[in-house]
Amino acid sequence: MAEEVKLFKVTIDNITIEVEPGTTVLMAARRIGGDVAPPAMCFYSKLSGSGGKCRTCLVEVSKGSEKDPRPMPKLVASCRTTVMDGMEVKNITSDRVMDARNGVVEFLLINHPLDCPICDQAGECHLQDLSYDHGKEGTRYEFKRRTFEKEDIGPYIQLHMTRCILCYRCTYVADQLTNSRVHGVLDRGDHAEISTYISKAITNDFSGNMIDVCPVGALTDKTFRFKNRVWFTKPVDAHRDCPTCNGKVTLWNRGDEVLRVTARKDQWGEVQSYDGKPGWICNTCRFDKKKLSDWVIDGPMNVARHSVISANHYVGAVKPNETVAEVMGGRQPKLLMDIHNISDVNDPDVDLSKVNGAPTGKTYESTNKQ
Ligand code: SF4
Ligand code: FES
């Protein structure tokens, strides 16, 4: 009979749980969930060896273990620290941690451009979320930010090195999912950058997963770049019978148009697992199957309530009865409130979707009678 494993008790932010020996503090905190789980910019549970690069997951260990209750003198990276029996950890309950995390975010933003308004990752960027929670309104950095030329990594992926935070996740994907890694971190320190060796293209069938693991907008899908803001799209879960991968994806649609295909993500922003295996998707599903008829729709994606993507995506919403018409003796409300009938300024015959750029007074000049 297999020997029963003795579980370790660990208390994180005053909540105690029992976990298997060898579990990291970060994974234990994720089991508790919510704000107790530290943010992680470089750790990715489905990529072995990841973590330990960004320091956003720092926590305070206020009691080492039952046997040795001394606190750890320095804050530790929770993604690389395994729990001990009786360990006590502070995350959001520690001022030291909050202070350090604010500092880490300030460092991450030293070179990162604040180009969220034009970045494809906006709305689903982990650094953007982190900056909202821990960032400062200004920078104390007085030097020029480092900049790079955009680089095509294969036919479907573009690298915006300027936005890269050197988390190494994409190199682990290339190492662990593809059989020939041809890109990596070149140089060190201030000069470190992700690049391909001798500009080799990454054409492997699973290379597109690098886009999904990138926590910022450094690796973008060339078939989706600048097509739409992510919160205007409608994400639905779908599947197809794929000979290469499991075929379970999220389609990001606008009307009947499939703008983007990604792997399905879990609440930590990582690809979902099926039967214990990560649901990485192949490049054919991701880049070539852009028709609704290629897919069997499973239903709307479960969008986290706090996410900007959830705006206007109400599942099962019941519309209240329209009562204005009733009290106005049958007259429809638009007869009362149609601004075009009243102002004579904006011509309702101008089709805004056909206007190039933002509409201005000139857009209406030819039809304006004033
Ligand atoms: S390109 Fe993205 S995934 Fe790769 S190291 Fe930079 S931030 Fe990380
Ligand atoms: S997530 Fe732990 S160091 Fe980056």
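The following exchange takes up two sheets, two helices and a ligand site in a predicted model.

Mentor: Local features here need pLDDT of at least 70 and side-chain atom pairs count only at pLDDT 80 or more, while totals for chains, interfaces and linings use all residues. Residues are numbered from 1 along each chain as its sequence is written, chains are lettered from A and ligands numbered from 1 in the order in which they are written, and side-chain values use heavy atoms, with hydrogens and water left out.

Trainee: What makes S1 and S2 a pair?

Mentor: Strands are DSSP runs of E with at least two residues, numbered from the N terminus, and two of them pair if DSSP finds at least two bridges between them. S1 and S2 have 5 bridges in the antiparallel sense, so they meet that definition. Lysine 9 stands opposite glutamate 18 in S2. The hairpin of S1 and S2 has 2 residues between the strands, and aspartate 13 takes a positive phi near 50 degrees there.

Trainee: Which strands are the edge strands of the open sheet S2-S1-S5-S3-S4?

Mentor: The pairing in this sheet of 5 strands is mixed. Strand S2 (15–19) and strand S4 (76–77) are the edges, since each pairs on one side only. S3 (residues 58–63) and S5 (residues 87–90) are joined by 3 bridges and run antiparallel, with glutamate 60 opposite lysine 90 in S5.

Trainee: How do you know which way helix H2 runs relative to S3?

Mentor: Axes are lines fitted to C-alpha atoms, for helices over the stretch in contact, and angles run from 0 to 180 degrees between N-to-C directions. Contact means heavy atoms within 4.5 Å; helices are DSSP runs of H or I with at least four residues. Helix H2 (residues 95–111) lies across S3 and S5, at about 160 degrees to S3.

Trainee: Why are S13 and S16 at the edges of their sheet?

Mentor: The order is S13-S12-S11-S16, with antiparallel pairing. Strand S13 (257–263) and strand S16 (296–300) each have a single partner strand, so one side of each has no neighbour in the sheet.

Trainee: What kinds of residue make up the shell around ligand 1?

Mentor: The shell has 12 nonpolar residues, no polar and no charged. Ala, Val, Leu, Ile, Met, Phe, Trp, Tyr, Cys and Pro count as nonpolar, Asp, Glu, Lys and Arg as charged, and the others, Gly among them, as polar. The residues around ligand 1 (a heavy atom within 4 Å) include Cys164, Tyr168 and Leu219.
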